[in-house]
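Student: I'm new to this one, and I'd like to know what the words people use for it rest on. Can we go through some of them together?

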Amino acid sequence: MQPQELQRLEDSNFIIYRLALLLNPQIIARSFYFYIIWLLLLNSVVVCTYRRIKGHLSAQKNTRFIKPVAISNHENSFNCNKSDSKTTITEITDYLKTKRWRINHKEDDLIIAGHGKIGFWGSILFHLSLILLFIGAVITGITRLDAQILLTEGYSIPLIQSVVRMQKPLVGQLPQGEIISLKKIETHYSKEEILTDIYAKLVVGDYGAFEKKTSRVNGAVNFNGYSIMPKSYGIAPNFSFVDLKKNQKADFNINLGDWLPERWVKKGVFDSFILPNTGLKVIVQFVPNLKIVKGKTTSHGKLVKNPALILKVVDKQDKKVADGLLKQGQSMDFNNYRLKFNRLDYWGAFTMVRDSGLPIVVFSLVLAIIGLSIRFVFYEKKLQIIIGKKTGKGLKVNFTGKAQYFPALFNQEINKIKEDLTEILESK
Amino acid sequence: MRIIEALTLWASLGFYTVSSITYLISLIFKKDKYLDWGWKSITVAFAIHTLAIITRWLYVDHVPVIGRYEHTLLGGWAVIAVFWIAARKMEKIKLAGIFLAPFVILMIGHGLWSRPTRTTLTPPYKSGWLWIHITFAWFAYGAFITATFLAVIYLLKLRKNQQGRVVKFYERFADLPLMEDLIVRLVAFGFVAQTIDIASGSIWAAGLWGSYWGWDPVETWSLLVWIIYAIILHLRFTLGWKGKKLIWLVAAAIIIEAVSFGGFGYMGSVHTPLLIK
């Protein structure tokens with residue numbers, strides 16, 4: 001649940017707010033009890049996997065040289081007009097092989113066939129992948145660095161100085177010698193003025209070796225083990241501020257707004273910045289596409305086509321000193337100062353992550369899918385066919401079978417095998 | 001393209017309605033030939049439904065999974081796809097279409113309630129993982145829904161059998177052990193699909209936000225669904241649970257699935273733009 005929603009709930013319904021706090025997954029996930037549950041689950045998976053492997057291997061050892069007599073949960077039989085059990089067994093073997101049964105054991109009057117033995121290893125693979133997933137998650141939990149960096153177009157700074165917020169204060173892991181600069185933020189919009197893509201052209205490097213890289217949403221830049229991905233962007237107008245009395249000039253960018261253009265054009269949303277050493281504050285409203293209709297300033301659309309800034313300069317008592325509307329290249333004078341809006345630049349906020357557990361987690365997820373697929377596609381089935389003593393009509397073919405899963409469906413399969421074999425053995 | 005999409009959508013809804021009516025006639029008037037008509041209608045509806053999805057895809061120029069309308073369009077298709085494949089494997093569950101066809105009509109109707117306007121993919125959704133993540137989520141949902149309907153039929157049939165009463169409606173379905181196997185198989189398939197859904201979502205999130213798990217409400221509930229169906233499969237395959245108590249669990253588990261898909265998507269979640277519009 002988002003903090004704003006929690007805040008809303010706290011104001012409207014205190015009981016539900018307390019419940020929401022109690023059941024908040026993010027809070028539960030960080031609780032001591034939750035770690036205990038995961039540990040117990042991990043323990044269970046490890047013990048069960050070990051016992052299953054051990055059981056499987058010892059079962060194989062025990063049955064390797066012993067003829068399995070009763071493996072039944074399905075029994076069936078039919079009489080055929082064959083008189084020689086050896087040729088009958090050969091014909092049955094050929095049939096079973098065409099149906100992809102593996103012949104485990106064969107005698108003159110007996111066949112033991114199996115199917116889907118690999119399924120067991122699929123299950124083991126799946127459970128081992130879960131153990132690996134736990135290990136990956138623990139490594140992530142201990143070593144992950146998750147920081148937010150803020151860059152302004154045209155500025156180069158040491159990567160460590162760009163960090164504005166960190167999930168975990170692991171200073172030792174932070175990059176030390178790396179420099180980063182944001183060359184350009186490029187945005188793409190649909191006809192309906194919906195943001196469709198953000199590209200951030202970055203230059204990253206250390207000790208003189210620099211590389212140009214483009215970071216975009218779903219396309220992180222990887223550099224020295226860090227992944228850098230765009231999170232949001234906003235405007236950073238470039239100003240020249242001139243003290244006309246002292247004849248001093250300073251150029252600077254001010255990062256305004258904290259979200260995408262949809263927020264900027266909302267009524268009543270203003271941003272502000274302080275003019276250093278003057279005691280004056282400038283309140284800014286951004287107009288992406290300036291149109292003046294009947295003397296009123298308005299914006300036609302949210303896309304930046306004809307940018308302008310509506311400025312209001314106030315003193316410490318919030319008393320208006322000056323106001324005006326500036327387009328790129330225009331300036332306004334007040335109290336022996338001049339403020340010029342040079343051009344519109346952008347700032348970009350990026351997520352910077354270093355996660356040593358991630359490759360392990362991804363690998364384990366892939367293993368889990370492979371393991372599960374093997375488990376349910378190849379489930380273990382056994383079939384034992386014994387040729388009985390000759391009756392009046394011929395030989396008696398006895399079936400016994402066992403399926404690890406889905407016994408009723410296997411029964412249907414056994415009946416089908418019986419029908420096919422009856423046909424084969426009767427026709428020859 | 002918009003007209004073709006509308007035509008195919010309404011035609012498929014029409015055939016789902018015809019299917020529901022013919023199934024009902026077959027049931028009320030005890031005429032088995034209408035049962036076959038019901039099945040054929042659902043097959044035609046499914047084919048046209050597929051066309052509707054393709055035309056929507058061409059119209060919006062991305063896999064149609066943004067907003068409620070596109071979601072229910074794809075979700076309804078996945079439910080019928082799973083049912084259709086299961087019924088091809090086992091003839092005697094075709095009558096379950098009597099529940100599934102109206103269910104899909106209601107589902108798409110719920111989607112149509114929102115404004116099915118042209119949607120645009122915003123940057124986070126411009127990823128190949130999108131269709132993998134969502135398609136498998138809906139296949140899991142389809143498998144669990146079909147398993148639930150069959151579980152309800154199973155329990156009703158079992159009850160009548162225990163009372164010693166023979167009701168023709170239930171006799172048209174497969175024998176109980178066969179139905180039980182099919183239900184468990186559907187749960188197993190749904191479980192694999194849900195695993196792929198969660199795994200693909202995690203890998204996608206790692207590349208998008210730098211974190212493969214964020215305890216988002218939909219994420220958390222998906223994990224809960226996964227754990228519950230994992231427990232059901234373990235009860236069956238490891239502890240040997242069978243029959244009534246296992247099938248009761250399958251039927252009850254859908255509540256968690258419904259909350260995961262229908263309820264918590266409406267709360268503040270990274271999945272919200274996908275589920276609501």
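Student: Why is A:Asp345 called buried?

Tutor: This is a predicted model, so the number is a computed one. A:Asp345 has a relative accessible area of 7%, and buried means under 20%, so the label fits.

Student: What makes A:Asp345 and A:Arg343 a salt bridge?

Tutor: Their closest N and O atoms are 3.2 Å apart. The rule asks for a side-chain nitrogen of Lys or Arg within 4 Å of a carboxyl oxygen of Asp or Glu, so the pair qualifies.

Student: And is A:Arg343 buried or partly exposed?

Tutor: Partly exposed: the relative accessible area of A:Arg343 is 42%, and that class runs between 20% and 50%.

Student: How do you know that A:Arg216 and A:Asp197 form a salt bridge?

Tutor: Same test. The N to O distance between those side chains is 3.1 Å, and the limit is 4 Å. This pair links distant parts of the chain: A:Arg216 sits in strand β9 and A:Asp197 in strand β8, 19 residues apart.

Student: What are the exposure labels of those two?

Tutor: A:Asp197 is at 6% relative accessibility, so it counts as buried. A:Arg216 has 23%, so it goes down as partly exposed.

Student: Which residues make a salt bridge inside helix α2 of chain B?

Tutor: B:Asp36 and B:Lys40, with closest N and O atoms 3.2 Å apart. Both lie in that helix (residues 32-60), 4 residues apart, or about one turn. B:Asp36 counts as partly exposed because its relative accessibility is 34%. Elsewhere, salt bridges that share partners join A:Arg144, A:Asp146 and A:Asp355 into one network.

Student: How many salt bridges are there over all chains?

Tutor: The count comes to 16 by this rule.

Student: Why is B:Lys94 called buried?

Tutor: Its relative accessible area is 15%, and the cut-off is under 20%, so buried is the right word. B:Lys94 lies in the loop between α3 and α4 of chain B. It touches B:Tyr23, B:Trp39, B:Phe83 and B:Ala87, leaving aside residues up to four places away in sequence.

Student: What about A:Gly116: where is it, and why does it count as buried?

Tutor: A:Gly116 is in the loop between β3 and α6 of chain A. At 12% relative accessibility, it falls under the 20% limit, so it counts as buried.

Student: Which residues does A:Gly116 touch, beyond those up to four places away in sequence?

Tutor: A:Phe378, A:Tyr379 and A:Glu380. Also, A:Gly116 and A:Phe376 are 260 residues apart in sequence and 9.4 Å apart in space, C-alpha to C-alpha.

Student: What makes A:Arg102 fit into a surface patch of positive charge?

Tutor: A:Arg102 gathers there with A:Lys117, A:Lys382 and A:Lys402. Patch members need over 30% relative accessible area and no salt bridge, with like charges joined within 9 Å. A:Arg102 is at 40%, so it passes the area part of that rule and counts as partly exposed. You'll find A:Arg102 in strand β2 of chain A.

Student: Stepping back, what is chain A made of, and how much of it is buried?

Tutor: Chain A has 10 helices and 22 strands. Of its 428 residues, 41% count as buried. Among contacts in chain A between residues at least 6 apart in sequence, 57% join residues at least 24 apart.

How values were computed:
Residues are numbered from 1 along each chain as its sequence is written. Chains are lettered from A and ligands numbered from 1 in the order in which they are written. This is a predicted model: local features need pLDDT of at least 70, side-chain atom pairs count only at pLDDT 80 or more; totals for chains, interfaces and linings use all residues. Side-chain values use heavy atoms; hydrogens and water are left out. Patches are made of residues with over 30% relative accessible area and no salt bridge: like charges are joined within 9 Å, nonpolar side chains (Val, Leu, Ile, Met, Phe, Trp, Tyr) within 5 Å. Accessible areas come from the Shrake-Rupley method with a 1.4 Å probe; for residues, only the protein chains shown count as cover. Lys and Arg count as positive and Asp and Glu as negative; His and the chain ends are not counted. The place of a charge is taken as NZ of Lys, CZ of Arg, CG of Asp or CD of Glu. Helices (H or I, at least four residues) and strands (E, at least two) are DSSP runs, numbered from the N terminus. Buried means under 20% relative accessible area, exposed over 50%, partly exposed in between (1.4 Å probe, protein chains only). Contact means heavy atoms within 4.5 Å.
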